[in-house]
Amino acid sequence: QLTVIKDPVDGRGLLTSSSVDAAGTLWAGANYGGIYRFDGTNYVKGPIVGDVAAIHGDNAGAVWIVGDGGNLTRVTGDVAEPFRAGGWSLLRAAWGTSTKQIWVVGDGSVRRWNGRKWSKDPEVGDLHFFDIHGSSAKNIWAVGDAGSAHWDGKKWTRHEQRARGVG
């Protein structure tokens with residue numbers, strides 16, 4: 001059975017992404033910069049974090065938010081911690097296996113958080129990626145306008161998109 005919940009953004013924007021954290025709490029992001037935590041009955045407004053393109057809840061309870069302007073924020077409880085992943089105008093997706101293994105993608109390749117700092121994964125190149133997801137730290141896929149890339153735990157392998165003829 002579906003339950004309809006009152007619009008948490010009160011008509012001011014759109015919910016653009018969602019994720020469930022380690023505790024099973026639903027988080028939703030809005031295109032005007034709000035993030036909301038669903039408490040089982042109501043949406044509770046969280047910190048303003050910039051336009052939200054995607055949210056990922058890690059296994060330690062933190063929520064990673066990415067979006068326009070290189071917006072990259074980790075929210076733990078009610079505390080928002082902004083990061084700079086370096087030189088991106090748009091981040092599109094985040095995924096990770098733990099607080100020390102987070103990957104983000106967007107316009108300009110893949111960046112990885114190791115628990116202390118962000119680094120660019122150079123073997124992927126400067127591609128425009130739209131999404132990233134995996135089943136473990138040794139099986140991650142990023143997809144974008146030029147194809148896909150796979151992380152096997154040691155290196156990225158690019159898989160170029162090839163046009164197919166019709167007919």
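**Close-up 1. Strands β5 and β6 pair in the antiparallel sense in this predicted model.** Four bridges join the two strands. One of the bridge partners is W64 of β6, which stands opposite H56. The two strands form a hairpin, with five residues between them. G61 sits in the turn and has a positive phi of about 100 degrees.

**Close-up 2. Strand β5 sends its residues two ways.** Side chains in a regular strand alternate between the two faces of the sheet. Strand β5 covers residues 54–57. A54 and H56 point one way. I55 and G57 point the other way. Buried or exposed: which holds for these residues? All of A54, I55, H56 and G57 are buried.

**Close-up 3. W64 and W118 form an edge-to-face pair.** By the rule for ring pairs, the count comes to nine aromatic pairs. A pair of aromatic rings is described by the distance of the centres and the angle of the planes. For W64 and W118 the ring centres are 6.0 Å apart and the planes stand at 85 degrees, so the pair is edge-to-face. The pair links distant parts of the chain, 54 residues apart. W64 lies in strand β6 (residues 63–66) and W118 in strand β12 (residues 118–120). W64 has 0% relative accessibility, so it counts as buried. W118, at 15%, also counts as buried, because buried means under 20% relative accessible area.

**Close-up 4. F83 and W118 also pair edge-to-face.** Their ring centres lie 6.2 Å apart. The planes meet at 75 degrees, so this pair is edge-to-face, a class that needs planes over 60 degrees apart. F83 belongs to strand β8 (residues 79–83) and W118 to β12, so the contact ties together parts that are 35 residues apart in sequence. Both F83 and W118 are buried. Which residues do ring pairs link into a cluster with F83 and W118? W64 and W113 complete the cluster.

**Close-up 5. Four strands form an open antiparallel sheet.** The strand order is β1-β2-β3-β4. Strands β1 (15–20) and β4 (43–45) stand at the edges. Each edge strand has a single partner, so one side of each is left without a neighbour in the sheet. Direction ignored, neighbouring strands are turned by 30 degrees against each other on average.

**Close-up 6. Strand β3 pairs with edge strand β4.** Strand β3 spans residues 35–38. Three bridges connect β3 to β4, in the antiparallel sense. Which residue stands opposite V44 of β4? The residue facing V44 is R37.

Notes
Residues numbered from 1 in each chain as written. Predicted model: local features only at pLDDT ≥ 70, side-chain atom pairs only at ≥ 80, totals over all residues. Heavy atoms only, no water. Phe/Tyr/Trp six-rings, centres within 6.5 Å; stacked < 30°, edge-to-face > 60°. Buried < 20%, exposed > 50% of the residue type's maximum accessible area, 1.4 Å probe, protein only. Pairing = 2+ DSSP bridges. Axes fitted to C-alpha atoms, helices over the stretch in contact; angles between N-to-C directions.
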